[in-house]
Amino acid sequence: MRDVAPFSQSAGLPETAQSARSGYGATLDRVETYFDQTATKTWERLTSDAPVSRIRETVRRGRDRMRALMLSRLPADLTGQRVLDAGCGAGQMTVELAARGADVVAIDISPQLVDIAELRLPPEHRAQVTFTSGDMLNPTLGRFNHVIAMDSLIYYGAGDIGGALAGLEKRTDGTIVFTVAPRTRMLMAMWYAGKLFPRSDRSPVMIPHAHMPLAHAARAQGLRGVLRPVDRVTSGFYISQAMEVRP
Ligand SMILES: C[S@@+](CC[C@H](N)C(=O)[O-])C[C@H]1O[C@@H](n2cnc3c(N)ncnc32)[C@H](O)[C@@H]1O
């Protein structure tokens with residue numbers, strides 16, 4: 001299945017109307033252009049064992065720690081559980097989830113990254129994973145026991161993240177684990193710099209969030225479960241905050 005249409009909780013609106021209303025469609029377009037064209041090779045390399053610069057090495061280590069932290073929020077044995085890897089990228093989390101026994105739906109808006117993820121999946125896990133390109137919020141993906149979204153919501157505003165969580169919650173029995181860019185001094189400075197100097201390559205800009213405003217925004221979007229901060233990983237230029245929603 002290859003579904004590349006943007007989907008928002010306001011299903012039925014054409015994409016332009018969604019963009020004008022919430023910015024979700026516009027962000028999704030940027031994300032797709034960036035990961036499916038501009039940065040595909042960089043991302044492929046960062047997520048492999050190939051040598052990278054010292055700075056990217058710190059990012060790689062930070063991402064390894066974040067993956068382990070997020071996985072620690074789910075049961076160790078996921079046998080028979082249906083898990084959504086939302087914004088799977090090159091599939092590093094997908095492999096870990098499958099190795100724990102999960103039946104994984106791995107979706108990303110970048111068809112190229114989904115192809116890489118599919119190629120990298122060890123053959124012994126092929127029967128457990130369904131790869132799809134498209135919007136992670138598409139409700140036709142069905143129900144899940146758990147959802148994991150590592151660094152895939154970091155480009156969205158609070159209302160869009162809240163809407164995403166509220167929509168996913170309706171179809172998830174257990175935990176939704178996700179990350180945001182925290183409001184640290186460095187990330188806020190980068191964010192303001194991005195506003196002052198808008199990028200010409202249409203690359204998406206991370207939007208830092210703090211826990212309480214995000215929790216309020218999510219509640220306003222209809223989230224019923226409790227949104228809690230989990231822990232933060234800082235490793236060189238990689239700074240990411242894990243959060244979770246439990247019923
Ligand atoms: C920083 S990468 C992280 C990839 C992967 N989760 C990981 O940690 O290795 C963010 C990914 O989220 C995907 N993404 C962002 N928003 C998405 C959406 N609404 N639907 C599907 N994929 C999305 C991007 O295409 C990109 O591959």
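How close do the axes of helix α4 and helix α5 come, and at what angle do they cross? I started my notebook there, keeping in mind that this is a predicted model.

**Entry 1: α4 and α5**

I looked up the two helices, α4 at residues 54–71 and α5 at residues 92–99, and found that their axes come within 11 Å. They cross at roughly 35°, and I noted the crossing as right-handed. Next I listed who meets whom: α4 brings R63, R67, M70 and L71, while α5 brings Q92, M93, E96 and L97. I sorted the residues of this contact by character and got four nonpolar, one polar and three charged.

**Entry 2: α9 and its two sides**

I moved on to α9, which covers residues 211–220, and asked which of its residues are buried. They are L214, A215, A217 and A218. Looking down the axis of α9, I saw these buried residues fall within an arc of 165°, so they line one face of the helix. On the other side I found P213, H216 and A220, which are exposed.

Then I wanted to know what the buried residues of α9 pack against. My list has one helix, α7 (158–169), and the strands β5 (176–182), β6 (208–209), β7 (226–235) and β8 (238–246). I also checked what comes after the helix: α9 is followed by G222, and the phi of G222 is positive, near 105°.

**Entry 3: A181 in β5**

Since β5 is on the α9 packing list, I picked a residue from that strand, A181. Is A181 buried or exposed? Its relative accessibility is 2%, and buried means under 20%, so A181 counts as buried. Leaving out residues up to four places away in sequence, I found A181 touching I154, L187, M206, I207, P208 and H209. I also looked up its distance to A210: the two are 29 residues apart in sequence, yet 8.6 Å apart in space, C-alpha to C-alpha.

**Entry 4: E244 in β8**

Strand β8 is on the α9 list too, and my pick there was E244. This glutamate is buried, with a relative accessible area of 2%. Which side chain does the side chain of E244 make a polar contact with? I found R73, at 2.9 Å. R73 also appears among the residues E244 touches, once those up to four places away in sequence are set aside. The others I wrote down are T175, I176, V177, F178, V226, L227, R228 and V230.

Key
Residues numbered from 1 in each chain as written. Predicted model: local features only at pLDDT ≥ 70, side-chain atom pairs only at ≥ 80, totals over all residues. Heavy atoms only, no water. Buried < 20%, exposed > 50% of the residue type's maximum accessible area, 1.4 Å probe, protein only. Helix = DSSP H or I, 4+ residues; strand = E, 2+ residues; numbered from the N terminus. Arc of directions from axis to C-beta. Contact = heavy atoms within 4.5 Å. Axes fitted to C-alpha atoms, helices over the stretch in contact; angles between N-to-C directions. Left-handed = near helix turned anticlockwise from the far one by under 90°. Nonpolar A, V, L, I, M, F, W, Y, C, P; charged D, E, K, R; others polar. Polar contact = N/O pair within 3.5 Å; in protein donor to acceptor, adjacent residues only side chain to side chain.
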